Amino acid sequence: MTSKILVIGATGLIGKVIVEGSAKSGHATFALVREASLSDPVKAQLVESFKDLGVTIIYGSLNDKESLVKAIKQVDVVISAVGRPQILDQTSIIDAIKESGNVKRFLPSEFGNDVDRTVAIEPTLSEFIGKAQIRRAIEAAKIPYTYVVSGCFAGLFVPCLGQCHLLLRSPPRDKVSIYDSGNGKAIVNTEEDIVAYTLKAVDDPRTLNKILYIHPPKNIVSQNDMVRLWEEKIGKTLDKSYVSEEELLKTIQETGPPMDFLVGLIHTILVKSDFTSFTIDPSFGVEASELYPEVKYTSVDEFLNRFV
C-alpha cells in the first residue's frame, strides 16, 4: 500500500516537483493551495496541470485551521514545502496533525542543510534556527517524522558554478569568482532526484524518525570540480578571481536581503563545507543513495551537459 500524501506549499520551487513526482509514482496525492494564489496565471496553470495528473486540490492555508485539519484527515503523510517566510508557521501544521491523529509521517520544509549540525553564520543562521525550532516542536509533539537534508538544488547552484547570488540560467563562459580555495565540498542534487529519494522514504521504516541525507557520491563536489568539468565541456579556461573568506564576510555585511542570505549560503556551503563537515551516524541519519541504489540519479557532470 502506498501512502496518501498531502503537499503543503504545492506551487513553490520544490513543492510543485513533489506534487508531480508523488502523483506519477502512484500515490494518491493532495495539494493544499491558497485560492488567492490562483490570481497568478502561472500558478493557476500549474494547479490545472496537477488536476490533469489526478491530484486532489484542497483550498486552504496555514492560517485556516479548519481547512488544514480537513486536508490532513484524508492522508497518511504530510510533506511541507513552504517557503522561507513561512518556516515558523509550520507550527500550525504540527497542531493540525496532533488534532487529526492519523498521520504516519511528517516531512517539514527542510530540503537544504542539516540545521542541527550547521556552521552557518548570520543572516543564514537565523533561518536554520527557525527550521531547528520546528524539528524540536515535531519531536515534542511525538509526531513521526523524516527530515530531508537534500544539499543544494542543482537548478540554482550549477548554472552559477556556485555563485548562487548571481541567479544565472547558464554557466559563464568567460570568468568566475572562486571562493576561498575553491576546495570546500558541497552536495548538489537535481530537484527531481531529491523528490525521487524523498518519495522512496515516506513509507520506509528505515527512515522513520531519522534524517535522510541525499549524498550520492558523484554529487559531492567542490567549486573547483564544477568549474573544471565545465571548462572541459566548453574547451575553454575561465578567468578566475579568488575571493577570500574575509572579503566574502564583508560582502555579506554590506549586502541587503534577500541577497545577503544567498551570499551567506556561499560562505556556509563552499567555504565552511557545511554539508560534509560531519559524519552521518546511524543513530540519527541514513544516506539515500545507499538505501535506494535503484534510483538512477543525475550527476553534476551530466547536469552540466544541458548547457553545452
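Reader: Hi! How far is the sulfur of Cys 152 from the closest cysteine sulfur?

Author: Hello! The closest one belongs to Cys 164 and is 7.3 Å away from the sulfur of Cys 152, which is too far for a bond. A disulfide here is a pair of cysteine sulfur atoms within 2.5 Å.

Reader: And what about Cys 164, how far is its nearest cysteine sulfur?

Author: That is the sulfur of Cys 160, 6.7 Å away, and Cys 164 is in no disulfide. By this rule the number of disulfides comes to zero.

Reader: What kind of model is this, and how are things numbered?

Author: This is a predicted model, where local features need pLDDT of at least 70, side-chain atom pairs count only at pLDDT 80 or more, and totals for chains, interfaces and linings use all residues. Residues are numbered from 1 along each chain as its sequence is written, and side-chain values use heavy atoms, with hydrogens and water left out.

Reader: Thanks. Are those two cysteines, Cys 152 and Cys 164, buried or exposed?

Author: Cys 152 is buried at a relative accessible area of 7%, and Cys 164 is buried too, at 1%. Buried means under 20% relative accessible area, exposed over 50%, and partly exposed in between, with a 1.4 Å probe and protein chains only.

Reader: Switching topic: how long is helix H2?

Author: H2 covers residues 41-52, twelve residues, and reaches 17 Å from its first C-alpha to its last. That is close to the 16 Å expected at 1.5 Å a residue; the expected span is 1.5 Å times one less than the number of residues. Helices (H or I, at least four residues) and strands (E, at least two) are DSSP runs, numbered from the N terminus.

Reader: Which residues of H2 are buried?

Author: Leu 46, Val 47 and Phe 50. Looking down the axis of H2, these buried residues fall within an arc of 100 degrees, so they line one face of the helix. The arc is taken from the directions between the helix axis and the C-beta atoms.

Reader: Why would spaced-out residues end up pointing the same way?

Author: An α-helix has 3.6 residues a turn, so residues three or four places apart point the same way.

Reader: Nice. What sits on the other side of H2, and what covers the buried one?

Author: The face turned away from the buried side carries the exposed residues Pro 41, Gln 45 and Asp 52. The cover over the buried residues includes helix H1 (15-24), strand E2 (29-33) and strand E3 (56-59).

Reader: What happens just after H2?

Author: Gly 54 takes a positive phi there, of about 90 degrees.

Reader: How many salt bridges are there?

Author: The count is 19, taking a salt bridge as a side-chain nitrogen of Lys or Arg within 4 Å of a carboxyl oxygen of Asp or Glu.

Reader: Where is the one between Glu 110 and Arg 135?

Author: Its closest N and O atoms are 2.8 Å apart. Glu 110 lies in the loop between strand E5 (105-107) and helix H5 (124-140), and Arg 135 lies in H5, so the pair ties together parts 25 residues apart in sequence. Glu 110 is buried at 4% relative accessibility, and Arg 135 is buried at 0%.

Reader: How far apart are the atoms in the Asp 301 and Lys 233 bridge?

Author: The closest N and O atoms are 2.6 Å apart. Asp 301 is in helix H12 (residues 300-304) and Lys 233 in helix H8 (residues 223-234), so this pair ties together parts 68 residues apart in sequence. Asp 301 is partly exposed at 32%, and Lys 233 is partly exposed at 23%.

Reader: Where do Lys 250 and Glu 254 lie?

Author: Both lie in helix H9 (residues 245-254), four residues apart, about one turn of the helix. Their side chains meet in a salt bridge at 3.7 Å, N to O, and both residues are exposed.

Reader: Which residues are joined into one network?

Author: Salt bridges with shared partners join Glu 110, Asp 114, Asp 116, Arg 117, Arg 135, Arg 136 and Glu 139.

Reader: Last one: what does Thr 268 contact?

Author: Leaving aside neighbours within four places in sequence, its contacts (heavy atoms within 4.5 Å) include Asn 113, Phe 128 and Asp 274. Thr 268 is in helix H10 (residues 259-271) and is buried, at 0% relative accessible area.
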